[in-house]
Amino acid sequence: MDILKLESELRTTSGKGFSRKLRSGGRIPAILYGQKMDPMSLELDETAIRTALLQHPESAIFDLSVKGVESD
C-alpha cells in the first residue's frame, strides 16, 4: 500500500464563517487528534485531498506534515 504525503498548515482561528472562507478559497478545515497530544486545528489543500482520494478510493495511508511543527 502506498503512503501518500500531504502538507497542512496550522489554523489559529475557528468558527463557521472562517471555515466557509477557507472552503471558498480551496482549503479544507480539519482537526488532528492523536494519542498523548492536544488536538491541532489544520487547513489542507482541497486539490491534494481530492487527487489522493481519486487515486486510492478505497483506503489510503497519509503521511501528514504540518508546516511549522517538528515531527517526532
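Which strand does Arg 27 lie in? Arg 27 belongs to strand 2, the stretch covering residues 27–32. The legends below start with the whole fold and then zoom in; keep in mind that this is a predicted model.

**Figure 1. The whole protein, with its 2 helices and 4 strands.** Walk along the sequence and you'll meet the elements in the pattern β-α-β-β-α-β. The C-alpha atoms take up a box of roughly 35 × 30 × 20 Å along the principal axes. Of the 72 residues, 22% are buried. Take the contacts with a separation of 6 or more: 53% of them come from residues 24 or more positions apart. As for the outside, about 5800 Å² is exposed, and carbon and sulfur atoms supply 51% of that.

**Figure 2. The open sheet, built from 4 strands with mixed pairing.** Going across the sheet, the strand order is 2-3-1-4. Strand 2 and strand 4 (61–67) sit at the edges, each pairing on one side only. Ignoring direction, neighbouring strands here are turned by 40 degrees against each other on average.

**Figure 3. Strand 1 alongside strand 3.** This view picks out residues 3–10 and residues 40–45, the two strands in question, which run antiparallel and are joined by 3 bridges. Look for Ser 8: the residue standing opposite, over in strand 3, is Leu 44.

**Figure 4. The helices lying across the strands.** Helix 1, made of residues 16–24, lies across strand 2 and strand 3. Its direction makes an angle of about 125 degrees with strand 2. Helix 2 takes in residues 46–55 and lies across strand 1, strand 2, strand 3 and strand 4. Against strand 3, helix 2 runs at about 75 degrees.

**Figure 5. Arg 27 and its surroundings.** Back to the residue we opened with, in strand 2, which is one of the edge strands. Is Arg 27 buried or exposed? Arg 27 counts as buried because its relative accessibility is 19%, and the cut-off for buried is under 20%. Set aside the neighbours within four places in sequence, and Arg 27 is in contact with Glu 9, Leu 22, Glu 43, Leu 44, Asp 45 and Glu 46. Leu 44 is also the residue that Ser 8 stands opposite.

**Figure 6. The side chains of Arg 27 and Glu 43.** What joins these two side chains? A polar contact does, at 3.2 Å. Glu 43 is also among the residues listed in contact with Arg 27.

Technical notes: Residues are numbered from 1 along each chain as its sequence is written. This is a predicted model: local features need pLDDT of at least 70, side-chain atom pairs count only at pLDDT 80 or more; totals for chains, interfaces and linings use all residues. Side-chain values use heavy atoms; hydrogens and water are left out. Buried means under 20% relative accessible area, exposed over 50%, partly exposed in between (1.4 Å probe, protein chains only). A polar contact is a pair of N or O atoms within 3.5 Å; within protein, one must be able to donate a hydrogen and the other to accept it, and residues adjacent in sequence count only if both atoms are side-chain atoms. Contact means heavy atoms within 4.5 Å. Two strands pair if DSSP finds at least two bridges between them. Axes are lines fitted to C-alpha atoms, for helices over the stretch in contact, and angles run from 0 to 180 degrees between N-to-C directions. Accessible areas come from the Shrake-Rupley method with a 1.4 Å probe; for residues, only the protein chains shown count as cover.
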